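Visitor: I should like to understand how the descriptive words used for a structure are justified. May we look at one together and test each word against its definition?

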Amino acid sequence: MISLGSYLAISFALFISGIIVMIARKNIIAMLLGIELILNASALNFVAYTKFSNNNLDGHIMSLFIIVIAAAEAAVGLGIVIRFFQLRESIHIDDAATLQN
Amino acid sequence: MFTNTLFLLSAVLTLGGAAAVVYTKNLMHSCVYLLASLFGVAGLYACIGADFLAATQLVVYAGGVVILMLFAVMLTGGSGNNINRYGLEKITAMGNTKTFFMAGLTAVVTSLVILKILASVFKSHSATVLTANEATVDKLGTLLATDHILAFEISSVLLLGALVGAAVISRPRKEKHD
């Protein structure tokens, strides 16, 4: 039951749901949630290949750095969201169109 | 037996949480479902012997990122005005038919591409023998302090930069922007 294929399928489903969240949601915080799902899918792939392909721990190291980068990205992204809310009183993605025209 | 049960439970938690993040309309509930999904991923790590990663996942995500998200949701909720309560009323929560169509199309194309890869993996790795799990903490520590020391230091600088940047970006300005 625990095999490389099942891990890849789970990580694939996580990735797809992250993509759908990023596309279908119009809320900036919800889009950040989608990014977290996608980063988790990639980290899960690294760990699964470490276990089932070769047992050196480089995949674990890579997953650790992915977690670090996800934390930094969440902090900066939420800072930007809060600043945007202070300026526009909204967190709707279509209100962020200043550079568009 | 125990590992199989843990794996099934974690897989259901992960996939159910991710699907609920997509489906639910309330942003607050969506954050909590993301927490469930991240717990499931930590269980999946534990199933294949990545004990240190499972612990890190729990500490960083459940203790840090999701709490940060909930804080941001509450800070941008606004007090009293229902228009921007969760950013929901302006958007009918999940987008309209066009965005759903685009999301479905993208999902189909991506799944076709990736299933082509997944199918070959299912064929070639159908009968893998699980090796015994062993503790990875000491080896990970040795690797981080020897082979990957440069990336380790760079990531600490990155975290410092993100800390300062988030504080600078989100601090309240005195002057009024119109």
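Guide: Certainly. This is a predicted model, and we may begin with two of its helices. In chain B, α1(B) and α2(B) pack with their axes 7 Å apart, at an angle of about 155°.

Visitor: What makes α1(B) and α2(B) roughly antiparallel to each other?

Guide: Angles over 145 degrees count as roughly antiparallel. The angle between α1(B) and α2(B) is about 155°, and the two helices are therefore roughly antiparallel. As for the handedness, α1(B) passes α2(B) in a left-handed crossing.

Visitor: Which residues of α1(B) and α2(B) meet?

Guide: On the side of α1(B), they include L6(B), F7(B), L13(B) and V21(B). Among their counterparts in α2(B) are Y33(B), L34(B), F39(B) and L44(B). The residues of this contact divide into 16 nonpolar, eight polar and no charged.

Visitor: Why is V108(B) called exposed?

Guide: A residue counts as exposed if 12 or fewer other C-beta atoms lie within 10 Å of its own. V108(B) has 11 other C-beta atoms within 10 Å, and is therefore exposed. This residue is found in helix α4 of chain B. Its C-alpha atom is separated by 21 Å from that of T14(B), and the two residues are 94 apart along the chain.

Visitor: Which helix of chain B gives the most to the side that touches chain A?

Guide: Let us take the whole contact before the single helix. The contact takes 60 residues from chain A and 74 residues from chain B. On the side of chain B, α1, α2, α3, α4, α5 and α6 each supply at least two residues. The most comes from α4(B), with twelve residues. By kind, the residues on this side of chain B divide into 47 nonpolar, 25 polar and two charged.

Visitor: What is the secondary structure of chain A?

Guide: Chain A has three helices and zero strands, and its pattern along the sequence is α-α-α.

Visitor: How do you know that chain A is more spread out than a compact globule?

Guide: One compares two values. For 101 residues the globule rule gives 13 Å, whereas the radius of gyration of chain A is 17 Å, well over that value, so chain A is more spread out than a compact globule. The C-alpha trace of chain A spans about 50 × 25 × 20 Å along its principal axes.

Visitor: How many of the residues of chain A count as buried?

Guide: Of its 101 residues, 55% count as buried. The cut-off for that word is 20 or more other C-beta atoms within 10 Å.

How values were computed: Residues numbered from 1 in each chain as written. Chains lettered and ligands numbered in written order. Predicted model: local features only at pLDDT ≥ 70, side-chain atom pairs only at ≥ 80, totals over all residues. Contact = placed C-beta atoms within 7 Å. Helix = DSSP H or I, 4+ residues; strand = E, 2+ residues; numbered from the N terminus. Nonpolar A, V, L, I, M, F, W, Y, C, P; charged D, E, K, R; others polar. Rg over C-alpha atoms; globule rule 2.2 N^0.38 Å. Axes fitted to C-alpha atoms, helices over the stretch in contact; angles between N-to-C directions. Parallel < 35°, antiparallel > 145°, perpendicular 65-115°, else oblique. Left-handed = near helix turned anticlockwise from the far one by under 90°.
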